[in-house]
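Q: Please take a close look at the salt bridges in this model, and describe how the paired side chains are placed along the chain and how exposed they are.

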Amino acid sequence: MPSSAAQADPIPANPIPTDRRLALHRTMQTIRATETTLSRLFADGEIPGFIHLSVGQEAVAAGVVGALGPQDSFATTHRGHGHVLARGVRLDLFFKEIMGRAGGICGGRGGSMHVADLSLGVLGANGIVGAGLPLATGSALAHQTRRTGGVAVAFFGDGAMAEGALHECLNMAALWTLPMVFVCENNGWSEFSPTSTQFAATLDKLGAAFGVPHRRVDGNDVAAVAEAAAEVVEAARNGGGPRILECLTTRWHGHFEGDPQRYRNADEIASLPQNDPLRRSAEALLAAGVEESALTALVDSVDAEIREALEAARADALPDVDAAFRDVYTPTATLTAGA
């Protein structure tokens, strides 16, 4: 794996309680089962446009989002299904949005790359690499100015490390001591190229240039991610300024669904399940005394929820043509009333 040259930092021996581990495992299972379903739906032509799946990266979403409070916010990426699902976006509304239905979170307009739910602090996904970083920085400034006690998280892939937006946001967040966490999902790939061929430095050194503390964790170990995320989020919340959390993980699928991945070594692809975050989580739970039947029941429960949500999405109406023109401009009456 291209990101294997970097090594995760050691983590403190603070075992996460079993009930918390189970909750994290359920979140990962929901993300995995949902995206597996989306892969099938896309292949069958039921999803318009492109989708970018995060299969293999579930531990990052579960561990980081699980460390956030209700007052917190985050901006995600074009590979952001896992983040919004971990935040608790309703499955039926999620499927409706991805399938372009009128009852979707954004009325079916956003689709896979633009899922947003401001009621949950989800600032939205973005099809432009690194474009969520300034949004999260602005949100962090709003938290600070309004004294909400909230923290803003910016998810980004390692392909965004060469983007000027990241460097500018690190600078502003450091200058203004913003309550912000930069979370890099380092899967080793900048779309179709190894990130090592796109960025000359490393994220820890980039952070050091701006005085921003950096932690690197095994992004396929949900307990390690959860522990590190809790630490950096609380540091940012308590006036410690911005933090960087780099999660070394794996991208099982291509850059987009349907990508033949001819640029990738076949042996590497075949070996990816050996580091499956769900398998590792299940093994840890079994070792902690959780019955295998409980894990089976968890999987069955998640599958039932997804079937129900999918049925609701398929039954929902498509948006009418007039809906495409709504909310594009502010109504004249509203402008007059506000004058």
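A: In this predicted model, the side chains of Glu234 and Arg237 meet in a salt bridge, with an N to O distance of 3.1 Å. Both residues belong to helix H8, which covers residues 222-240, and because they are three residues apart there, about one helical turn separates them. Glu234 is partly exposed, its relative accessible area being 35%, and Arg237 also counts as partly exposed, at 21% relative accessibility; since the buried class is reserved for values under 20%, the label "partly exposed" applies to Arg237.

Salt bridges that share partners also occur, and they join Arg32, Glu58 and Asp276 into one network.

Another pair links two elements of secondary structure. Asp218 forms a salt bridge with Arg280, and the closest N and O atoms of the two are 2.8 Å apart. Asp218 lies in strand S7, whereas Arg280 lies in helix H10 (residues 277-287), so this salt bridge ties together parts that are 62 residues apart in sequence. As for exposure, Asp218 is partly exposed with a relative accessible area of 24%, and Arg280 counts as partly exposed at 24% relative accessibility.

Strand S7 takes part in a further pairing, in which the side chains of Asp204 and Arg216 meet in a salt bridge at 3.7 Å, N to O. Here Asp204 lies in helix H7 (residues 203-209) and Arg216 in strand S7 (residues 214-218), so the parts tied together are twelve residues apart in sequence. The N to O distance of 3.7 Å for Asp204 and Arg216 falls within the 4 Å limit that the salt-bridge rule sets. The two partners fall into separate exposure classes: Asp204 is partly exposed, with a relative accessible area of 27%, whereas Arg216, at 12% relative accessibility, counts as buried.

By this rule the count comes to 14 salt bridges, among them the pairs Glu234 and Arg237, Asp218 and Arg280, and Asp204 and Arg216.

A word on confidence should accompany these distances. The mean pLDDT of the protein is 88, and 91% of its residues reach 70 or more. Over residues 1-5, however, the pLDDT is below 50, and beyond near neighbours in sequence this stretch has 13 contacts in the model.

Note on methods. Residues numbered from 1 in each chain as written. Predicted model: local features only at pLDDT ≥ 70, side-chain atom pairs only at ≥ 80, totals over all residues. Heavy atoms only, no water. pLDDT = per-residue confidence, 0-100. Contact = heavy atoms within 4.5 Å. Helix = DSSP H or I, 4+ residues; strand = E, 2+ residues; numbered from the N terminus. Buried < 20%, exposed > 50% of the residue type's maximum accessible area, 1.4 Å probe, protein only.
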